[in-house]
Amino acid sequence: MAEATLRRLSIDLSNDQLLIDNAGLRFTFYQADNCLVVGSLLPSGYETWNPPIEGLPHCPEQEIKLTGEGQMLPARSRSIGGCGLLLNFQGLEQTPTNNGGTLYTLHHRRDDIGMLVRSYYEFADSQTPVARRWVEVENQGNEPIDLEQVESTTLYHVAAQSGDPLQSNVRVHLPFSSWSGEGQWRCLHLPDLGITAPDSAHYRATCLGSRSSAEKSPCAMIEDRDTGLIWFWQIEHSSSWKWEIGRAHLGASHGLYLLIGGPDENYGHWWKRLLPGQVFRSVPIAIGCVSGGFPEAVEALTKYRRVACRKSHPVDDNLPVIFNDYMNGIWGDPTLEKELPLIEAAAKVGCEVFCMDSGYYAAPGDSWWTNVGEWLPDNQRFPGDDFTRLMRTIRDKGMIPGIWIESEVCGIQNVMSQKPDDWFLSRHGKRIAYNKRYFWNFRHPEVIKHLDSVIDRFVNEYGIGYVKNDYNIDFYCGTDTDADSFGEGMLKHTRAFYHWIERLHERHPQLIWENCAAGGLRVDYGILSRAQIQSSSDQEDYACYAPVTIGSSALVLPEQMAVWTYPHENDLEKTIYNMVNVLLFRIHYAGRPDLLDEENIDLIKQGIDYYKRNRQQISQAIPFYPLGVPGVEDDGRWMAMGMKSNDSIRLAVWRKNSTDHECIIPLKGLPLKGNVRCVYPSEPCYQPKMQFEKNQLRIELPNKCSARLLELS
């Protein structure tokens, strides 16, 4: 890095400010009694807004709580009021980063205990209005410092520009999640979240456990429709997290406060004794503010994820078509005889990866669920050289062999479960168990040696180039293995798991890594900055998949989001619907192509051919939602989702059991000249009736459950 610059802040609260202004974002701060306090986060160039002076000294840039001190304010059950008010601001450091961005560091110090706090604001480039935020706490004193809460970012005066948020048109966008129901966004009023007139009212979203999106995804937005501004954030961490909004006890005109971070003692069982010389780093988060609403926030997050999160990959950057034998296929019961016709059929339609899913390591009749851990092909299921022959056949057909694994767990029936207890995560001296499985301890060198040998064998002996890493269970509050608290143990474990994946990529740079957790129950950019592909869902009903993909596109880059298409009936409209589900994302083809007739196979091949001709646009595309974001339970409606890129605008349209034979889709704000054509399927017999005028598209689809992919110019 280039030499940093450090400057002191000495200002008059009444007429001066400290600004971090970069990439279209402006963070404003003030100084009160040597403590740096938060003014606002607004888009650059937005009309200057000066918060009311009263209460400003109670808005510290840092929110940290120490054992034995309690809260400094009458915060009631809110998470504000820590010792940030006791921190003396030392200065601002500005440093260019190696990748062309800029890093700002705010330095704070508390002399009585020797605590140094560094608050980071990183901008990936000068174009993307998102800042990555994290905090480091260093003990430079002589005694331990006991940490109970360290937030990754603290904001005040959110949605304050138009007055009292309760009296303004403020909405909160929340992405709920469940098994087979991921990406379910809801737009809620503040009273819907319990934020009403009292100043202590607040709402807190939390995740407790090792699946970051099992109930809510670690991403949200606050929209002020009166001012046309929207604040948005994502937490880049794969286990416990928290964010909180509420009234800040400062008066109605001060808007909302916002805290975002990882686990703390109250809401993540996290407590850390920081010994002299030690440093603690909080989980990273990303935050931004733009003019507009939900689509503009998604656009900013999409651009940020591309420049700051996703790593280039020598094989996966081509976005290969993936076949997986599980979903609506052979359901975890593989044999050579069952796989050979699937391999033949997958190659015929143009697949480029063939991934064998679960069950290959368990004898027929045994439970594949409880036999995970050793990852050796079962001799009864694959006698002799059947497994090697299978992988060779995949390569001979021009596809990359892939394999399913749950690397983080060990079944109780597997021989590896007999390893010493310190190989596994524990609580209160006993192994953590979940549904007849244990959890590997990724901080144990022998565990790492075992798992490294598994991946090395996959790659070096079998020529495997694709790993689907699943994660079907959860160890909830954490582990006290080599940790001060359950939450600290979970945080250390998660970071050790990240490090293991990073080392795998260093040894095997060609290996493609898919992140899966019963579908999309661990979707976050802690893991997705290290994995190439994200499984979107285990949704088995093709008609219900579109709402999952539409909502999930606001959470995951389209070039990382794998969507199932699994036509397994000789029904042409069902096959088309299945294919439209995937053509804007990554293709996860499944089902039983070996049992389909030629007409349906031709439709599948046509869709895959279209995908291949246009897949490089996926890595440039920005989602948009002309009919809003539907729920997976919604039925009897039309749905639409588009992707705009430099080269094209593509629009997927679904009629999901609607009695309305036509739909009018608004397309205002897009650079359109009125030309629209159906590109999948392309045969004249499938062309819908369409008319484009006055920035809207009128379309008719023939069946109550049908879909088409359009291109607009």
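Colleague: What makes β7 and strand β8 (residues 115-123) a pair in this model?

Modeller: In this predicted model, β7 and strand β8 run antiparallel and are joined by nine bridges; since two strands count as paired if at least two bridges are found between them, nine bridges satisfy the rule. Within that pairing, Leu106 stands opposite Ser119 in β8. The hairpin of β7 and β8 has four residues between the strands, and Gly114 takes a positive phi near 70° there.

Colleague: How do you know that strand β6 (residues 88-96) pairs with β7 too?

Modeller: The same rule of at least two bridges applies, and β6 and β7 are connected by eight bridges in the antiparallel sense. Leu92 stands opposite Leu106 in β7, and Leu106 is also the residue that stands opposite Ser119 in β8. In the hairpin of β6 and β7 there are five residues between the strands, with Gly100 taking a positive phi near 95°.

Colleague: Why is strand β7 (residues 102-110) called mostly covered?

Modeller: A residue is buried when its relative accessible area is under 20%, and eight of the nine residues of β7 are buried, so the strand is described as mostly covered.

Colleague: What makes Gly591 buried or exposed, and where in the chain is Gly591 placed?

Modeller: Gly591 sits in the loop between β33 (586-589) and α10 (598-618). Its relative accessibility is 0%, and because buried means under 20%, Gly591 counts as buried. Leaving aside neighbours within four places in sequence, Gly591 is in contact with Phe323, Met327, Asn328, Gly329, Leu342, Tyr566 and Pro567. Gly591 and Ile330, which are 261 residues apart in sequence, have their C-alpha atoms 7.9 Å apart in space.

Colleague: Why is Arg495 called partly exposed?

Modeller: The relative accessibility of Arg495 is 31%, and because partly exposed covers the range between under 20% for buried and over 50% for exposed, Arg495 falls in that class. Arg495 belongs to helix α7 (residues 486-507), and, with neighbours within four places in sequence left aside, Arg495 is in contact with Phe280, Arg281, Ser282 and Val283. The C-alpha atoms of Arg495 and Glu339, 156 residues apart along the chain, are separated by 37 Å.

Colleague: How do you know whether Thr302 is buried or exposed?

Modeller: Thr302, which lies in helix α2 (residues 294-309), has a relative accessible area of 1%, and because this is under 20%, Thr302 is buried. Leaving aside neighbours within four places in sequence, Thr302 is in contact with Leu557, Ala621, Ile622 and Pro623.

Colleague: What makes the phi of Ala159 worth pointing out?

Modeller: Most residues other than glycine have a negative phi. Ala159 is a residue other than glycine, yet its phi is positive, near 60°. Ala159 lies in the loop between β11 (153-158) and β12 (170-176), and with 0% relative accessibility, under the 20% limit, Ala159 counts as buried.

Colleague: Why is Asn695 called partly exposed, and what is its phi?

Modeller: At 40% relative accessibility, Asn695 lies between the limits of 20% and 50%, and therefore counts as partly exposed. Phi of Asn695 is near 60°, again a positive value in a residue other than glycine. Asn695 is found in the loop between β39 and β40, where the two strands form a hairpin with two residues between them and Lys694 in the turn has a positive phi of about 50°. Strand β39 (residues 689-693) and strand β40 (residues 696-700) pair in the antiparallel sense over five bridges, and Ile699 in β40 is the bridge partner of Met690.

Colleague: How do you know which kind of peptide bond leads from Tyr680 to Pro681?

Modeller: The omega of this bond is near -10°, and the bond is cis. Pro681 lies in the loop between β38 (676-680) and β39.

Colleague: What makes the radius of gyration of the protein chain agree with that of a compact globule?

Modeller: For 713 residues, a compact globule would have a radius of gyration near 27 Å, and the protein chain has 26 Å, so the values agree. Buried residues make up 64% of the 713 residues, and residues 24 or more positions apart account for 70% of the contacts with a separation of 6 or more. The chain has ten helices and 41 strands in its secondary structure.

How values were computed. Residues are numbered from 1 along each chain as its sequence is written. This is a predicted model: local features need pLDDT of at least 70, side-chain atom pairs count only at pLDDT 80 or more; totals for chains, interfaces and linings use all residues. Side-chain values use heavy atoms; hydrogens and water are left out. The radius of gyration is taken over C-alpha atoms; the globule rule is 2.2 Å times the number of residues to the power 0.38. Buried means under 20% relative accessible area, exposed over 50%, partly exposed in between (1.4 Å probe, protein chains only). Contact means heavy atoms within 4.5 Å.
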